[in-house]
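Here is a friendly walk through a protein model, meant to be read with the structure open beside you. Take a moment to turn it around before reading on.

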Amino acid sequence: MRKSRVLTGVAALAVVVSFGAGASTAAGWWDRPKPPRPGTVVPALPAGQANPLIATGVGIGANTPIYKTSGIGPSALNTGAPAGTEAAYVDTAIFPGGVLPAGVTITEAQGINVLRRIGENLQAAGLSYADVYTMRVFLQNPAGAAAADFAGWNRAYRQYFANTDLTTGAYVPVPLGTAAPAKPFVVNKARPSRFALEIENLPVAGWLVEVEVDAAYPKP
């Protein structure tokens with residue numbers, strides 16, 4: 001009986017040794033990056049880029065308090081335009097009289113409107129643009145256009161997010177339409193993970209942009 005036990009132990013040891021030798025040729029759990037510390041949010045940024053548009057992913061540590069907005073669209077601030085039209089959702093605080101400067105697209109203007117509303121929503125919850133770690137964007141084609149205006153949306157996005165050089169910390173000028181690049185509306189180094197989709201219809205007549213974000217409360 002004792003001999004049987006010894007042989008069993010030797011066999012088990014052989015299995016362990018064999019497993020260890022095989023596993024050494026591939027990354028195991030001990031080689032993987034450690035998860036974020038509790039209460040932290042860590043973006044994964046593309047390597048070699050000083051000013052990447054978005055994160056490739058975001059790690060969220062345990063016990064991180066988070067906040068999620070609903071889908072937010074632009075407010076009908078342009079009372080000079082007919083209700084339910086795309087022009088009705090131009091932010092007249094940015095574009096007086098609802099007049100768009102050269103090269104500013106209607107999607108770009110509505111994107112700016114939406115992101116200002118996002119900022120107000122975050123502020124009411126004790127947060128800011130800098131706390132956003134994930135964003136979901138839904139775009140509708142402008143009237144008469146064959147596709148959604150992703151370029152216009154991205155110009156609007158850069159006014160509030162991902163507009164600093166990660167190497168120097170200085171802000172990166174952002175164009176408004178075809179104007180010369182200038183200081184962004186909100187200087188913000190945050191680069192959330194993000195997707196942007198073209199969809200057939202948004203829920204409100206005249207909307208071209210709807211956005212929802214997740215934000216993490218900063219550590220005390």
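How much area does the protein chain expose, and what share of it do carbon and sulfur atoms supply? This is a predicted model, and in it the chain exposes about 12,000 Å², with 61% of that area coming from carbon and sulfur atoms. Of the 220 residues in the protein chain, 38% are buried.

Now for the overall layout. The protein chain has three helices and six strands, and along the sequence they come in the order α-β-β-β-α-β-α-β-β. If you take the contacts between residues at least 6 apart in sequence, 70% of them join residues at least 24 apart.

A good place to zoom in is where two of the helices meet. Helix α2 and helix α3 pack with their axes 8 Å apart, at an angle of about 35°, and the crossing of α2 past α3 is right-handed. The table lists the two partners.

| Helix | Residues | Residues in the contact |
|---|---|---|
| α2 | 106–124 | T107, E108, G111, I112 and L115 |
| α3 | 150–158 | G152, W153, R155, A156 and Y157 |

By class, this contact of α2 with α3 holds five nonpolar, three polar and two charged residues.

Which residues of α3 are buried? They are G152, W153, R155, A156, Y157 and R158. What do the buried residues of α3 pack against? Besides α2, their partners are three strands: β4 (132–140), β5 (193–199) and β6 (209–216).

Definitions and conventions
Residues are numbered from 1 along each chain as its sequence is written. This is a predicted model: local features need pLDDT of at least 70, side-chain atom pairs count only at pLDDT 80 or more; totals for chains, interfaces and linings use all residues. Side-chain values use heavy atoms; hydrogens and water are left out. Helices (H or I, at least four residues) and strands (E, at least two) are DSSP runs, numbered from the N terminus. Buried means under 20% relative accessible area, exposed over 50%, partly exposed in between (1.4 Å probe, protein chains only). Contact means heavy atoms within 4.5 Å. Accessible areas come from the Shrake-Rupley method with a 1.4 Å probe; for residues, only the protein chains shown count as cover. Axes are lines fitted to C-alpha atoms, for helices over the stretch in contact, and angles run from 0 to 180 degrees between N-to-C directions. A crossing is left-handed if the near helix is turned anticlockwise from the far one by less than a right angle, and right-handed if clockwise. Ala, Val, Leu, Ile, Met, Phe, Trp, Tyr, Cys and Pro count as nonpolar, Asp, Glu, Lys and Arg as charged, and the others, Gly among them, as polar.
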